[in-house]
Amino acid sequence: MIPKYILSNLVEARINLFRNKTRTLLTSLGIIIGITSVIILIAITNGAKSVIETQLTSLGAKTIMLKPFVRTGSGFSTARGQDFNEKELNLIKSLDSVSYLAPIVKDSKTVNYRSVSQIVALVGSNSDFADINDWRNTSGSFITPEDVQDGSKVCVLGATNSKRFFGAENPIGKRIRINGIPHEVIGVLEPKGLTPGGRDQDDFILLPYSSLNRLLFRPDMSSIVTVLMAAKSSDELEYAKFSIKKILRETRNINGNNDNFSISSYENVTKKILNTTKILRILLTSIASISLIVGGIGIMNIMLVSVTERTKEIGIRITIGAKSRDIVFQFLCESALLSLTGGIVGVILGFIISQIASTIIGWPAVVSATSVLIAFFFSGGIGIFFGIYPAFKASKLDPIKAIRNE
Amino acid sequence: MSSSPSLELSGINKIYKMGQIDLQVLFDVNLHIYPGDFVSIIGPSGSGKTTLLNILACLDRPTSGVYNFFGEDVSSKTNDQMSEIRNLRIGFIFQSFNLIPRHTALENVIMPLHYSDRHKNSNFKKMGLEALDLVGLSDRIGHYPNELSGGQQQRVAIARALVTNPEIILADEPTGNLDSKTSDDIMSLLKNLNSDGKTVITITHDNEIASQAAEIIKIKDGRVL
C-alpha cells in the first residue's frame, strides 16, 4: 500500500492539476508530443529492422563467397592469388557445415539464334548454383552433375534472354549458337527482375562450367572467379567460413596473415545494414527527445508560475509546521504527476498512431514493452528533474512574507 | 506563580537591515509567559507587536537576546526543528483565517497532522472531527471555506490550531475581520480553551478585545511598557 504521506501528496497534486485543466493539458502537451513521437519512431524502426532482417536472409544470408584473390593491405584493391584445385574444392564440399558448392566461371560472347545476334553474359557453374542463389525454372530442367562431367553443350536461359531470342516461342530443345557453337536450351529461369542498382539479374545464359571452359579453350580451375557456397544455416555461417579457411591454409601451408584467397559473406553487409538502421533509430529518437526537453522546460515554467500563485498557501503550510522537505515533495509530486500523465497519454497515442502508420506503410510497427517502460520512467524523470528548481524555490520561501501575499 | 515560564524572552532586540539603514523594531524586550496564562499584547500599528509575535511563534529569530521555549534556547534550533515546534506545540489563529480555499473544512483542520512525524500513524479523520466538534462545527466538515461565514471560517482555523493539541495558542488579531457578535463568540471560545489549560496569547490593537485577557502587555515603539 502507498504510505499515507505519499498518497496525500498525490491527492493534493491531482486536485491542483484538475483545478486548472486547460493549463495542465497545454503544459503536458510537450511531453505528450515527445513521448508519442519517441514511441512511434521506435515502433516503426523496430518494424523496419525485422522486415530488413527477413529480406536479407532471403537474399542469401547463408551464402559464402570464396575468391582466388588476395586482399591488399588497404583492402580496397585485389590481386590474383592462387587458383583452387579440385582436391581443395572436394575437401570443402565434404564439410558438414557446407551444403552446396558452385564454382563460377564468367565471360561474355556473341550469341545468335536465327536473325537475332547479341553479346551476352555467360555464367558457367554446376547444379548447386540453383540452390545457392534460389533460381527456379519456369520451364525445362537445370544443369545436372552429368552435364558438368561431360561438358555437355547445353544451356539454361535467363528470362531476359529467353524473351530476347525466342519471344513467345518455346525455347526448350532449340539450339542457339554461343560463340558459334550450337548449344541446346534445356531450361528457362524464373525472372528475378532488377537489382536495387538497376542491373538486370535475368540477363545471362548459364552453362556447365566445364562446357564454358571448353568453348573458350581454357583450363577448368584457373578460370574460376568465385566459388559460391551455402552454409547449412545462417548460424553455421561463421563456423563454415572458419573451416574453409582452415582447410585452405593447411593444404597450402599458410601460416599467419598472408592468405592467397579471400572469403566473404553477406553477413557483414547484413550487419552493416542492421547497424545503419540502429544508427538511424538512435538519431531519430534523439531528435524526438528534444521535444521532451522542451516539454520539461514547459513544466518547469508552469511550476514556477504555480509557486508564485500559491505563495500564500506555502506560507500557511510552513507556518503550521511543514518542513522544507514537505514542500519540496509536494511540488515534485505535482510536476512528476503532470509529466507522467503526459507520458501515459503519449504512450497510448503513440501506440494508436504507429498501428495506423503500420497499415499505411505496410510494415509492422512493434511497440515493445521496453520502449513503453522507458517512456514512463523518462516522463516521470523529466517531471522530477524540471520540478526540482521550482520545488526548492517554494521550500525556501520566508513564511512571514509568504503568508501576507495575496 | 510558582511554575517556571513556558516562554521566556530576555533582552530581545530585533534589527532589520533595510539597505544601508538598520531599523530596530524591538528594544530589550523581557517577557515571561507561564502555563495557563491568557495574555494580550496590545499596541498601535508599527509598535513592533507583529515582530514580537513572529519571534514568539518561532517564525523569526531575534537579532540578539535569548528566547527560551519551555526551557530550550530557540536560537540553536534549525529551521526544520522550528517547524516541528510550530507544528506540535503552537496553534496559530490569524486575522484573515488563512484557510486553503480548495480544501474542505475537515481537510484544512487535519493539514498540520500531515507534517507531523509523531502523528504518522494517527487516525487523521477522527482527530479532525474531534477538533471540529470542540469549536461546534461538526455539521460543516465537507464545506469549503468560501461556503462558510467569517465566524465559521475562524472556528475552522481554531480547530486546525487545536488538532495537534499544542500547549500554546497564538492569535494574531483573531477578531479583526469579524463583526462584534461573532467576535464575542470567538473570544469566549478562546477563554474556554484557556480555562481548559491552554496558554493563549492574542495580539490586538483593540482595547476592548485586549481587556478580556487576564494580563495585558502594552508595547509601543518597540518597547514593552
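**Helices, a sheet and two unusual loop residues**

Trainee: Which residues in α1(B) are buried?

Mentor: Helices here are DSSP runs of H or I with at least four residues, strands are E runs with at least two, and both are numbered from the N terminus. Buried means under 20% relative accessible area, exposed means over 50% and partly exposed lies in between (1.4 Å probe, protein chains only). By that rule, the buried residues of α1(B) are B:Lys49, B:Thr51, B:Leu52, B:Leu53, B:Asn54, B:Ile55 and B:Leu56.

Trainee: What kind of model is this?

Mentor: Residues count from 1 along each chain as its sequence is written, chains are lettered from A and ligands numbered from 1 in the order written, and side-chain values use heavy atoms, leaving out hydrogens and water. Local features need pLDDT of at least 70, side-chain atom pairs count only at pLDDT 80 or more, and totals for chains, interfaces and linings use all residues, since this is a predicted model.

Trainee: How many of the residues of α1(B) are buried, and what does the helix pack on?

Mentor: α1(B) is mostly covered, with seven of its eight residues buried. Its direction makes about 120° with that of β1(B) (axes are lines fitted to C-alpha atoms, for helices over the stretch in contact, and angles run from 0 to 180 degrees between N-to-C directions). It touches β1 (7-18), β2 and β4 of chain B (contact is heavy atoms within 4.5 Å), so to speak lying on the sheet.

Trainee: Which strands are at the edges of that sheet?

Mentor: Four strands form an open, antiparallel sheet in the order β2-β1-β4-β5 of chain B, where pairing takes at least two DSSP bridges between two strands. Two bridges join β4(B) to β5(B), and B:Asn68 stands opposite B:Asp73 in β5(B). The edge strands, each pairing on one side only, are β2 (21-33) and β5 (72-73) of chain B.

Trainee: What is the phi of B:Cys58, just after α1(B)?

Mentor: B:Cys58 sits in the loop between α1 (49-56) and β4 (64-69) of chain B. At 0% relative accessibility it counts as buried. Although B:Cys58 is not a glycine, its phi is positive, about 60°.

Trainee: What about the phi of B:Phe97?

Mentor: B:Phe97 lies in the loop between β6 (90-93) and α3 of chain B, and it is buried at 9% relative accessibility. Again, it is not a glycine, yet it has a positive phi of about 65°.

Trainee: Are α3(B) and α5(B) roughly parallel or roughly antiparallel?

Mentor: α3(B) (residues 105-114) and α5(B) (residues 150-162) pack at an angle of about 30°, with axes 7 Å apart. Angles under 35 degrees count as roughly parallel, over 145 as roughly antiparallel, 65 to 115 as roughly perpendicular and the rest as oblique. The two helices are therefore roughly parallel.

Trainee: How do the residues of the contact of α5(B) with α6(B) divide?

Mentor: The axes of α5(B) and α6(B) (residues 180-195) come within 10 Å and cross at roughly 15°. Among the residues that meet are B:Ile158 and B:Leu162 in α5(B) and B:Leu189 in α6(B). Ala, Val, Leu, Ile, Met, Phe, Trp, Tyr, Cys and Pro count as nonpolar, Asp, Glu, Lys and Arg as charged, and the others, Gly among them, as polar. The contact divides into five nonpolar, three polar and two charged.
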